[in-house]
2 protein chains.
Amino acid sequence: MPELRLNLITKEWVIIATERAKRPEDFITTVERKVLPPYVETCPFCSGNEAKTPDEVFRLEHDNQWLIRIVPNKFSALSRTGQRERINDGLKHNVSGVGVHDVLIETPMHNLTTAFLPTGQIENIIGAYRRRFMDIYNDPRIEHVIIFKNHGEGAGTSLQHPHSQIIGTPLTAFHIRDRLEQAMRFFDTTGQCLMCKTIEDEKTDGIRVILETEHFITFIPYAALSAFHIWIFPKRHFAAFSDITGQEIADLAGNLKTTLSKLYYGLDNPDFNYVIRSNSPEDSGSEYFHWYISIVPRVSKTAGFELGSGMYINTALPEQSAEFLRNVTPPVA
Amino acid sequence: MPELRLNLITKEWVIIATERAKRPEDFITTVERKVLPPYVETCPFCSGNEAKTPDEVFRLEHDNQWLIRIVPNKFSALSRTGQRERINDGLKHNVSGVGVHDVLIETPMHNLTTAFLPTGQIENIIGAYRRRFMDIYNDPRIEHVIIFKNHGEGAGTSLQHPHSQIIGTPLTAFHIRDRLEQAMRFFDTTGQCLMCKTIEDEKTDGIRVILETEHFITFIPYAALSAFHIWIFPKRHFAAFSDITGQEIADLAGNLKTTLSKLYYGLDNPDFNYVIRSNSPEDSGSEYFHWYISIVPRVSKTAGFELGSGMYINTALPEQSAEFLRNVTPPVA
């Protein structure tokens, strides 16, 4: 018998389609991957091609070689200049598209995906995320900052060189407010942070946990919205990613490397997105919200049902997916 | 300057990315389509292969040849038998996966997509949707019924034979309730149906209208969530699809054929999903909800930004997309 599970954090119902369930092995990607060279002449993100990008807003370097660059996106979805203006004309509500759209180049090397980066470099990346996150929030036109990564064409990127994106928007989506409201109601009802309670329960159950490090826990949610949907939660309660400590960054770097390596080796380098869900630094004191990272491998497709019903069909059993990834041991780099 | 537009009906913000905007021609699909034969021996939906499907729950026939069959989905996401049971165990909320998952085979011919079907056959399909929609709602275990079509692999189907799906779920998603609540608040504030007001405004503006027939209007929403996102609204106010009259079915059949033909010829047979958004027959009297059809061509991809921000980026200007489709004249069948 299939079952419907409620994802309390996203407030979405998921049909866990036991009758159609596939084995974890069935999700191994069949996309053929070319072996990438370390340098590509036409790649705007490769070392040596810096002139192909807009002027950088951040650089981390070592021995005259940059390690990380943050540059404005050449094909920005939003305009960095101009005023935030709003027109409400009957049903037409419109805000001028000012904002920030940055690209973080994760390494000078074209062919190093996160699974292959040294942990120290992932630490640098998270540190750079944090710094830029806080900078962008200083712009009074910006209401919300989102840090995310698209890996692979199926995840919406055509650029192979490892990169993430940081977008600051001039407003907050209702969708984000809805989740906050949901967490707030839970807190008001129970006196507990919904995410802290989730961590407690996942640790007790154990069966959906993939990995636990000193400061972070990685698991497949009870009501995972899609196959191999993964959450990484900080164990300490804090609402804004910007409050992460140096020790926590180092721990997260190791955790993220292992998690993404397990995906890389377990599912043969699937396309994926990840996103950091966080409060703004000014709402960092919230007792009811708790930031986290959501990873969504693109190993299954949504269709008309999801579009129409607002529910999801997951053909991978969360407990089985977690067991599978727990047992993947990436080779020691 | 890009702009952000609010879709009041879905309550979602969309970045209309004017700086990255593509011309309508740039969305023409590049997927290579094989010419399909009218019959495929291994296809479970072809005429003559009826034994390959579960027993039908509905058949429309003419001169001993069926025109439409509705059969249970062989790979059903939900179980037709069993009781609806709910377990609330701490944070784990679970409902047994009972429900209905039907496939409507739209024609005996393997190679006839909606753009090529006679209008009379599309009328038959809509009539069959209506009948099955009401039947499924009679099952006391079912709370919500969704009718949808996935066309093409990019839209989530691997079966080429023209078909739609009808799913009855044992609960209503929060997502659906949120839209209803939004429409209700609008009604309570303004005394108007949000969709009636939208039709009025779209007719006045005119620039986003693709097609208007006697009983239906087809347009690109002001804040279209993706490229060539299309809505078809009945002009008469009614909340449940099941209240559609015979005359309205005939008119909708013609409208849908023209709309999908414009997509077919204008964008070279893109993958798409469509879905009917409707109240249940028992809530058919609602003054604040108004059913409609949403068509989403899969000509652009969502990525980490959409996942994280709850907003959309649309690189097609709704007014330009509408003008493009208005000017596509499908050949007379």
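The following is a conversation about a predicted model of two chains, A and B.

Biologist: How do you know that chain A and chain B are related by a two-fold axis?

Modeller: Two copies of a chain are related by a rotation about an axis and a shift along it. Here a turn of 180° with a shift of 0.0 Å along the axis lays chain B on chain A, and the RMSD is 0.0 Å. That is the relation of a two-fold axis.

Biologist: What makes you say that the same surface serves both copies?

Modeller: Of the contact residues of chain B, 100% recur in chain A. The contact takes 65 residues from chain A and 65 residues from chain B. On the side of chain B that touches chain A, 31 residues are nonpolar, 22 are polar and 12 are charged.

Biologist: What makes strand 1 of chain A and strand 6 of chain B a pair?

Modeller: Two strands pair if there are at least two bridges between them. Strand 1 (residues 3-7) of chain A and strand 6 (residues 92-96) of chain B are joined by three bridges, so they count as a pair. They run antiparallel. One of the bridge partners is Asn94(B), which goes with Arg5(A).

Biologist: Which strands make up the open sheet that holds this pair, and in what order?

Modeller: The order is 15(A)-2(A)-1(A)-6(B)-5(B), five strands with mixed pairing. Neighbouring strands of this sheet are turned by 25° against each other on average, direction ignored. Within chain A, strand 1 also runs antiparallel to strand 2 (residues 12-16), with five bridges. There, Glu3(A) stands opposite Ile16(A).

Biologist: Why do strand 15 of chain A and strand 5 of chain B stand at the edges?

Modeller: Strand 15 (312-314) of chain A and strand 5 (86-89) of chain B each have a single partner strand, so one side of each is left without a neighbour in the sheet.

Biologist: What is the order of the open sheet of 10 strands in chain B?

Modeller: Its order is 3-4-7-9-8-13-14-12-11-10, with antiparallel pairing. The average turn between neighbouring strands of this sheet is 15°, direction ignored. At the edges stand strand 3 (58-62) and strand 10, each with a single partner strand, so each has one side without a neighbour in the sheet.

Biologist: What makes strand 10 and strand 11 of chain B a pair, and how are they joined?

Modeller: Three bridges join strand 10 (residues 209-212) to strand 11 (residues 216-219) of chain B, and a pair needs at least two, so these strands qualify. They run antiparallel, and Leu211(B) has Thr218(B) as its bridge partner. A hairpin through three residues joins strand 10 of chain B to strand 11 of chain B.

Biologist: Why is strand 14 of chain B called largely enclosed?

Modeller: A residue is buried if 20 or more other C-beta atoms lie within 10 Å of its own. Six of the six residues of strand 14 of chain B are buried, so the strand is largely enclosed by the rest of the structure.

Biologist: Which residues of strand 14 point which way?

Modeller: In a regular strand the side chains alternate between the two faces of the sheet. In strand 14 of chain B, Tyr292(B), Ser294(B) and Val296(B) point one way, while Ile293(B), Ile295(B) and Pro297(B) point the other way. All of them are buried.

Biologist: What lies beside and across strand 14 of chain B?

Modeller: Strand 12 of chain B pairs with strand 14 in the antiparallel sense over three bridges, and Ile232(B) stands opposite Ile293(B). Strand 13 (residues 272-277) of chain B pairs with strand 14 in the antiparallel sense over six bridges, and Phe272(B) stands opposite Pro297(B). Helix 3 (residues 194-205) of chain B lies across strand 10, strand 11, strand 12 (230-234) and strand 14 (292-297), running at about 70° to strand 11 of chain B.

Biologist: How do helix 1 and helix 4 of chain A pack?

Modeller: Helix 1 (residues 119-137) and helix 4 (residues 246-267) of chain A pack at an angle of about 120°, with their axes 8 Å apart. Their crossing is right-handed. Among the residues that make the contact are Ile122(A) and Ile126(A) of helix 1 and Ile249(A) and Leu252(A) of helix 4.

Biologist: What classes of residue make up that contact, and why does Gly127(A) count as polar?

Modeller: The contact of helix 1 of chain A with helix 4 of chain A has seven nonpolar, three polar and two charged residues. Gly127(A) belongs to the contact, and Gly is placed among the polar residues by definition, so Gly127(A) counts as polar.

Note on methods:
Residues numbered from 1 in each chain as written. Chains lettered and ligands numbered in written order. Predicted model: local features only at pLDDT ≥ 70, side-chain atom pairs only at ≥ 80, totals over all residues. Contact = placed C-beta atoms within 7 Å. Helix = DSSP H or I, 4+ residues; strand = E, 2+ residues; numbered from the N terminus. Least-squares fit on C-alpha atoms with pLDDT ≥ 70 in both. Axes fitted to C-alpha atoms, helices over the stretch in contact; angles between N-to-C directions. Left-handed = near helix turned anticlockwise from the far one by under 90°. Buried ≥ 20, exposed ≤ 12 C-beta atoms within 10 Å, placed from the backbone.
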